[in-house]
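Work through the exercises below with the sequence and the model open. Each task is followed by a stepwise solution.

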Amino acid sequence: MSVLTIDQIYVLLVEPSKAQQRIIDTYLSHMGVVNKQWVQNATQALANMHKGKPDLVISAMHLEDMTGTE
């Protein structure tokens, strides 16, 4: 089992608000995350996950098409 470093992980951010996305993106960048993708709803997130499995998903709870836990 190989261990990923922070600059190797792929983060998927599911956040409808562009302002919130920018804030979270700034924090992720300061932490050293370089491979990240932003989508605004669950449909986009699920489609993105079919293309490539993220190492971490950060999601808002209230999305237009389902909840973040769904």
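**Exercise 1.** Locate N41 and describe its surroundings.

Step 1. N41 sits in the loop that joins β2 (35–39) to α2; helices (H or I, at least four residues) and strands (E, at least two) are DSSP runs, numbered from the N terminus. The model is predicted: local features need pLDDT of at least 70, side-chain atom pairs count only at pLDDT 80 or more, and totals for chains, interfaces and linings use all residues. Residues are numbered from 1 along each chain as its sequence is written, and side-chain values use heavy atoms, with hydrogens and water left out.

Step 2. Is N41 buried or exposed? With a relative accessible area of 11%, N41 is buried (buried means under 20%, exposed over 50%, partly exposed in between; 1.4 Å probe, protein chains only).

Step 3. The N41 side chain has a polar contact with the side chain of E64 at 3.2 Å (a pair of N or O atoms within 3.5 Å; within protein, one must be able to donate a hydrogen and the other to accept it, and residues adjacent in sequence count only if both atoms are side-chain atoms). The side chain of N41 also reaches the backbone nitrogen of T43, at 3.1 Å.

**Exercise 2.** Do the same for N48.

Step 1. N48 belongs to helix α2 and is buried, its relative accessible area being 11%.

Step 2. Beyond neighbours within four places in sequence, N48 is in contact with Y10, L12, Q37 and V39 (heavy atoms within 4.5 Å).
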